[in-house]
Amino acid sequence: MRIAFVFDDTLDVHDGVQQHIVTLGRELARRGHHVEYLVGESEHSPMPDTHSLSKNVMVSFNGNRMRVPVASSRAQIRRTLHEGNYDILHVQAPYSPLLAGRVLALAPQTAGVVATYHIAPTSMAAYYGGKALGMINQRTHQRIDEVVAVSPVAASYARHTAHVESRVIANPVDVQAYVAARAQAGAARIAQFHGEGPHVVFVGRFVSRKGAGILLEALDWGERQGIFPPGMHVTLAGAGPLLGDCRATAARLRTPVAFPGFVDEHDKPALLASADAAVFPSTGGESFGIVLVEAIAAGARVVLAGDNPGYRSTLRDDDDALFTIDPQRRAGELAHSIARALTDAPWAASMHERQAALLERYDVRTVADEVETVYAQAIADRRQ
């Protein structure tokens, strides 16, 4: 098949939706499909056959920073569609009427169209913004043949904002690549990240909803209660506007806390593999939990996550792995979870085994099988 991913944002960064289409696109190309990318303003895309079709501006929405199109050329879109002669247009939703909406409006009737929804709203403003966008895109949305969502919470968003039912297909993670990256890094590199004593790891943006500050609250609570094992140390990797505040908070703790900054994709598997407890305290806005699956695939001993709907569905309702995001109880509950992960070896081993069993479900090869089935149905819909 000739497949085009359609995405309003750029491919110059490695955020969640970008990871989704790049990981899936590589697997589809490996299977012999021809894959192209019709995207917003991109100068350094990691993928071949990328068509930059709009000028974009940075905005804040749903607790994230993203780039949205402000101008695109109908003539350029029409020409790209003609030259691409695509069997499938795979749109990432919700979408802007100024890029993806125009692609749908100009799409040839022979092309099957699939939309994948990625959003989990963090506020009523995000919810009502989605409903407004659904109304604006009502006409072009009729061009979509099949609808997919990456999780039940994303499916609920699609139902309430675009009034469509969707099939849940998980975000893909290249599990074999993560296992290979851990092996390539080698025991020495993992040991270098691990250091002496039990190691707790956070990887993510330093913004409020990702929860680095919640982890620091839990460290303070656990120190005051004296529940952490001797030698425990913590790594908080990433960048963002709250990094300075987190550094200042960590300086008041007895527990050693390292801030290595942004860790590139080459080193991330080894860092996650070094974790006795990989902790992701996001309070919401997560439609899935790619980083949870990455940590499990890398070989983190235990993965602990904030109990938001996206993370809960990814971890298959495993209450042992989830801790409350209620502000009154989260510090103590997370502190106890960390302490148990580092001191109760049978419990940690049991959780590690359960989490490793999730990997086949989220592996890109499993996901690509399901997506190919949806593509075939979309093409059949067109022929009917």
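Which helix supplies the largest share of the lining of the largest cavity? The largest share, 3 residues, comes from α4.

## About the model

This is a predicted model: local features need pLDDT of at least 70, side-chain atom pairs count only at pLDDT 80 or more, and totals for chains, interfaces and linings use all residues. Residues are numbered from 1 along each chain as its sequence is written, and side-chain values use heavy atoms, with hydrogens and water left out.

Helices (H or I, at least four residues) and strands (E, at least two) are DSSP runs, numbered from the N terminus.

## Two cavities

A 1 Å grid over the protein atoms alone is used to find spaces. A cavity is a set of points where a 1.4 Å probe fits but cannot get out. Lining residues have an atom within 4 Å of a point. Grid points are joined across faces, edges and corners, and a volume is the space filled by probe spheres set on the points. By this rule there are 2 cavities of 30 Å³ or more.

The largest cavity holds about 80 Å³ of space. Its lining includes Pro-94, Tyr-95, Tyr-117, Leu-133, Asn-137 and His-141. Both α4 (124–136) and α6 (152–161) supply at least two residues of this lining. Residues can also be sorted by class. Ala, Val, Leu, Ile, Met, Phe, Trp, Tyr, Cys and Pro count as nonpolar, Asp, Glu, Lys and Arg as charged, and the others, Gly among them, as polar. The lining of the largest cavity has 6 nonpolar, 5 polar and no charged residues.

The second largest cavity has about 50 Å³ of space. Its lining is His-20, His-90, Val-114, Thr-116, Val-148, Ile-169, Ala-170 and Val-371. By class, that makes 5 nonpolar, 3 polar and no charged residues.

## The second largest pocket

A pocket is an open set of points with protein on both sides within 12 Å along at least five of seven lines. The second largest pocket has a volume of about 520 Å³. It is lined by 25 residues, and the closest to its centre are His-14, Val-22, Thr-23, Arg-26 and Glu-265. Four elements give two or more residues to this lining: α1 (16–30), α7 (175–194), α11 (290–298) and α16 (364–383).

Helix α1 gives the most, with 7 residues. Charged residues do appear here: the lining has 12 nonpolar, 5 polar and 8 charged residues.

## A sheet of seven strands

Strands of a sheet pair through backbone hydrogen bonds, either parallel or antiparallel. Here, two strands pair if DSSP finds at least two bridges between them. One open sheet has 7 strands in the order β3-β2-β1-β6-β7-β8-β9, and the pairing is parallel. Its edge strands, β3 (50–52) and β9 (167–168), each pair on one side only.

Strand β8 (residues 146–149) runs parallel to β9, joined by 2 bridges. Ala-149 has Val-168 in β9 as its bridge partner.

## A sheet of six strands

Another open sheet has 6 strands in the order β12-β11-β10-β13-β14-β15, again with parallel pairing. The edge strands β12 (257–261) and β15 (322–323) each pair on one side only.

Strand β10 (residues 199–203) is mostly covered, with 5 of its 5 residues buried. Buried means under 20% relative accessible area, exposed over 50%, and partly exposed in between (1.4 Å probe, protein chains only). In a regular strand the side chains alternate between the two faces of the sheet. In β10, His-199, Val-201 and Val-203 point one way, while Val-200 and Phe-202 point the other way.

## Neighbours of β10

Strand β10 pairs with β11 (residues 233–237) in the parallel sense over 5 bridges. Phe-202 stands opposite Leu-236 in β11. With helix α8 (residues 212–225) between them in the list, β10, α8 and β11 make a right-handed β-α-β unit. Right-handed means that, with the strands pointing away from the viewer, the path from the first strand over the helix to the second runs clockwise.

Strand β10 also pairs with β13 (residues 277–280), in the parallel sense over 2 bridges. Val-200 stands opposite Ala-277, and the bridge partner of Val-201 is Ala-278.

## Thr-10 in its loop

Thr-10 sits in the loop between β1 (2–7) and α1. Thr-10 counts as buried because its relative accessibility is 2%.

A polar contact is a pair of N or O atoms within 3.5 Å; within protein, one must be able to donate a hydrogen and the other to accept it, and residues adjacent in sequence count only if both atoms are side-chain atoms. A polar atom of the Thr-10 side chain lies 3.0 Å from the backbone nitrogen of Asp-12. The backbone oxygen of Glu-41 lies 2.8 Å from a polar atom of the Thr-10 side chain.
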